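Here's a quick briefing to read with the structure open. We'll go from the ligand site to the core, then to a small sheet.

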Amino acid sequence: MSELMPEPTAGLYVHIPFCLSKCRYCDFNSSPLAGRSGLAGAYLDALLEEIAARCRGRKISTVFAGGGTPTVLAEKELEKLIRGIFKNACIDKNAEFSCEANPGTLTAAKAKLLFELGVNRLSLGLQSTEAKILKVLGRVHSWPDFLKSYDFAGKAGFTNINVDLIFGVPGQTLFGLKRDICKVKELKPAHISIYNLILEEGTQMHADVKNGLYALPGEDLDADMYYMIKEMLETAGYVHYEISNFARPGKECRHNIIYWKAQDYIGTGAGASGKLGKERSDNIEDPEQYIVLIKKNKNAIIRSQKLSRKEELSETIFLGLRMLEGLSLTTFKERTGKDFFVLFEKEFKKLSGLELLKEENGFIKLTGKGLFLSNEVFVEFV
Ligand code: SF4
């Protein structure tokens with residue numbers, strides 16, 4: 001690399017495909033670790049080898065260790081993971097380094113270790129404060145477990161903490177959700193992510209709903225929940241900066257913004273996806289096969305494709321629209337070489353007529369109604 005040429009930057013995603021147990025709604029690439037002796041150690045060896053190979057020649061601006069549940073790893077393994085990431089990749093000194101953790105797997109010692117080794121953002125999966133909702137979701141922790149984890153994180157030194165919540169769960173009421181938000185905002189976390197439950201095929205929850213065991217709340221209640229969340233969190237001083245994400249000013253998740261702005265990121269670990277320029281790649285999902293492939297080839301990519309022009313256009317639009325600042329018309333033209341209105345005049349007219357989309361100061365944005373009905377908007381651009 002010439003001295004005059006700055007190193008290209010990228011975000012780094014590191015996938016840990018292990019959890020305590022499988023939640024009923026989860027379709028992430030994760031499975032219980034218990035009873036699979038030696039797997040975590042061999043997986044980490046392969047993962048660090050992949051990180052070294054794939055991050056070469058790149059300055060890493062953000063790291064996100066997710067899963068799965070990274071904190072299901074034993075202390076020694078967590079230490080090996082974080083030290084290995086710093087050793088095998090060139091991490092910018094101002095990098096945001098997030099790690100996901102679930103209550104019941106985060107001890108005081110693990111929280112301290114993560115912070116001391118350089119992790120500066122912790123994302124805690126709470127999902128709900130109600131025991132009955134946690135049970136429906138198949139979560140194995142309780143609200144008191146979460147409070148303990150939150151306390152461990154604070155005492156370890158973390159000030160940048162995200163709390164994950166879910167709404168639209170069978171049996172959840174507006175009042176129950178309101179109580180969730182009140183309890184969480186009292187803790188004053190830097191960031192709150194709150195996702196609408198999606199029924200994914202192949203999950204236990206999908207089968208339960210199909211078999212009539214549970215009923216989803218329905219679109220009207222979902223909409224009431226969404227607007228209540230927005231109102232409550234904005235009143236509490238959070239900036240609503242992405243459809244499902246709220247942050248204290250300046251605490252927006254830099255790693256996720258890389259995804260939404262369609263910038264470069266390297267995905268490492270079983271089932272991880274990455275995107276460099278127009279090239280998208282996916283790793284093999286099975287952790288055991290992942291280890292074999294890394295040992296053999298130093299990479300575990302099973303699919304790699306160049307985004308077609310059409311895919312690039314729709315990706316730029318629906319990722320850009322996820323952010324409340326909207327899609328910059330200038331960036332759109334720079335990236336695609338085309339004027340947005342020349343390509344999508346008809347779609348824009350239709351969606352603005354339905355009060356789902358608007359133009360403001362050179363940005364195309366979802367309206368308040370469009371934020372909740374974003375999928376209906378995105379479909380028009382696919
Ligand atoms: S903890 Fe997260 S990744 Fe693990 S099973 Fe539950 S939802 Fe899936």
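**Around the ligand**

The shell around the ligand is made up of four nonpolar residues, six polar ones and one charged one. Keep in mind that this is a predicted model.

- Three cysteines belong to the residues around the ligand: Cys19, Cys23 and Cys26.
- Lys22, Phe28, Ser30, Thr69 and Asn102 are also among the residues around the ligand.
- Gly67, Gly68 and Gly125 join that group too.

**The nonpolar core**

- The largest nonpolar core has 96 residues, and Leu12, Val63 and Leu124 touch the most other members.
- Helix α1 (residues 39–55) is the top contributor, giving seven residues to this core.
- Both domain 1 (9–260) and domain 2 (309–381) supply residues, so the core lies between them.
- What does Val63 touch, leaving out residues up to four places away in sequence? Its partners are Leu12, Val14, Ile85, Ile91, Ala95, Phe97 and Ser98.

**A three-stranded sheet**

- Three strands form an open sheet in the order β15-β17-β16, with antiparallel pairing.
- β15 (327–328) and β16 are the edge strands, each pairing on one side only.
- Four bridges link β16 (residues 357–360) to β17 (residues 363–366) in the antiparallel sense.
- Across that pair, Lys358 sits opposite Lys365 in β17, while Glu359 sits opposite Ile364 in β17.
- The hairpin of β16 and β17 has two residues between the strands, and Asn361 takes a positive phi near 45° there.

Key
Residues are numbered from 1 along each chain as its sequence is written. This is a predicted model: local features need pLDDT of at least 70, side-chain atom pairs count only at pLDDT 80 or more; totals for chains, interfaces and linings use all residues. A residue is near a molecule or strand if its C-beta atom, placed from the backbone, lies within 6 Å of it. Ala, Val, Leu, Ile, Met, Phe, Trp, Tyr, Cys and Pro count as nonpolar, Asp, Glu, Lys and Arg as charged, and the others, Gly among them, as polar. A nonpolar core is a set of buried Ala, Val, Leu, Ile, Met, Phe, Trp, Tyr and Cys residues joined through C-beta atoms within 7 Å. A residue is buried if 20 or more other C-beta atoms lie within 10 Å of its own, exposed if 12 or fewer, and partly exposed in between; C-beta atoms are placed from the backbone. Domain bounds come from an automatic or database domain assignment. Two residues are in contact if their C-beta atoms, placed from the backbone, lie within 7 Å. Two strands pair if DSSP finds at least two bridges between them.
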